[in-house]
Amino acid sequence: MHCPYCRSTDTRVLDSRVADDGASIRRRRVCTTCDKRVTTVELMQLTVLKRSGASEPFTRDKAIAGVRKACKGRPVTEDQLACLGQAVEDALRVSGQAEVNANEVGLAILSPLRVLDEVAYLRFASVYRAFDSAEDFEDEIEMLRAERRLEQSDTADGEPVGIPATTG
């Protein structure tokens, strides 16, 4: 660690704290040469284990690029894709693992994509889950419809989901 003030390489850690739900460590340092203080943040490097056995650093942009193809021609903005990418990265980091399988990245994408755009979700799922037939699409569409019916029945009485109606 180089001191940003005098470029000395000799710094001493005064305090370390876990930040961002364990995804990073905040350190307060003092330079032993110029006595100036500086704060550093160390992030956990998240790596993806590919099917070939190779490992590579997780990049949010790469995850978003795959989703962007599924969203082509759909009313999905770049901001929404950026939020989806952040949600995927957060979900992977919450697992606490430094290395995740490529399959887990795909699974982490499916849920927020389903909420964002069902057509894009079907496109992505068809490639990710390697749909072989029209029946695979029909099964997935029926699952989406069943979830929608469940959500509608939960809110049919006008009460928010999970809060029982009161009498009186």
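Leaving aside neighbours within four places in sequence, which residues is threonine 11 in contact with? In this predicted model, the list reads Met1, Cys3, Arg29, Val30 and Cys31. Threonine 11 sits in strand β1, which covers residues 11–19. Its relative accessible area is 17%, and since anything under 20% counts as buried, threonine 11 is a buried residue.

Now for the chain as a whole. The protein chain has 5 helices and 6 strands. Reading along the sequence, the pattern goes β-β-β-β-β-α-α-β-α-α-α. There are 168 residues in the protein chain, and 27% of them count as buried. The accessible surface adds up to about 11,100 Å², with 51% of that belonging to carbon and sulfur atoms. What about contacts that link distant parts of the sequence? Taking contacts between residues at least 6 apart in sequence, 38% join residues at least 24 apart.

Back among the strands, arginine 27 is worth a look. This residue is found in strand β2, which runs over residues 24–31. Its side chain takes part in two polar contacts described here: one of 2.6 Å with the side chain of serine 16, and one of 2.7 Å with the side chain of glutamate 42. Both partners turn up again in the wider contact list of arginine 27, which leaves aside neighbours within four places in sequence: Val13, Asp15, Ser16, Val38, Thr39, Thr40 and Glu42.

Just ahead of the strands comes a backbone oddity. Arginine 7 lies in the segment before β1, and this residue has a positive phi of about 70 degrees even though it is not a glycine. Is arginine 7 buried or exposed? With a relative accessibility of 54%, arginine 7 is over the 50% mark and so counts as exposed.

Next up is the largest pocket, with a volume of about 610 Å³. Its lining is made up of 22 residues, and the closest to the pocket centre are Lys62, Ala63, Ala102, Val105 and Ile109. Which elements give two or more residues to this lining? They are β5 (55–57), α1 (60–70), α3 (102–116) and α4 (118–128). The top contributor is α1, which gives 6 residues. Sorted by class, the lining of the largest pocket has 12 nonpolar, 4 polar and 6 charged residues.

Helix α4, one of the elements lining that pocket, also has a good set of buried residues to go through. They are Ala120, Tyr121, Leu122, Phe124, Ala125, Ser126 and Tyr128. What covers them? The cover includes α1, α3 and α5. At the N-terminal end of α4, aspartate 117 acts as a cap, with a side-chain oxygen lying 3.1 Å from the backbone nitrogen of valine 119. Just after α4 comes alanine 130, with a positive phi of about 55 degrees. Alanine 130 is not a glycine either, and it belongs to the loop between α4 and α5 (134–155). Its relative accessible area is 47%, so alanine 130 falls between the 20% and 50% limits and is called partly exposed.

Two more helix residues round off the tour. Leucine 116 has its place in helix α3. At 26% relative accessibility, leucine 116 is above the 20% limit for buried but does not reach 50%, so this residue counts as partly exposed. Leaving aside neighbours within four places in sequence, leucine 116 is in contact with Val76, Gln80 and Leu84. How far is leucine 116 from cysteine 71 in space? The gap is 9.8 Å from C-alpha to C-alpha, with their positions 45 residues apart in sequence.

The other residue, alanine 91, lies in helix α2, which covers residues 78–94. With a relative accessible area of 42%, alanine 91 is partly exposed, because that value again sits between the two limits of 20% and 50%. Alanine 91 and glutamate 104 are 13 residues apart along the chain, and their C-alpha atoms are separated by 9.9 Å.

Note on methods. Residues numbered from 1 in each chain as written. Predicted model: local features only at pLDDT ≥ 70, side-chain atom pairs only at ≥ 80, totals over all residues. Heavy atoms only, no water. Helix = DSSP H or I, 4+ residues; strand = E, 2+ residues; numbered from the N terminus. Polar contact = N/O pair within 3.5 Å; in protein donor to acceptor, adjacent residues only side chain to side chain. Contact = heavy atoms within 4.5 Å. 1 Å grid on protein atoms, 1.4 Å probe; cavity = no way out; pocket = protein on both sides within 12 Å on 5 of 7 lines; lining within 4 Å. Points joined across faces, edges and corners; volume = space filled by probe spheres on them. Nonpolar A, V, L, I, M, F, W, Y, C, P; charged D, E, K, R; others polar. Buried < 20%, exposed > 50% of the residue type's maximum accessible area, 1.4 Å probe, protein only. Areas by Shrake-Rupley, 256 points an atom, 1.4 Å probe, with all protein chains shown as cover.
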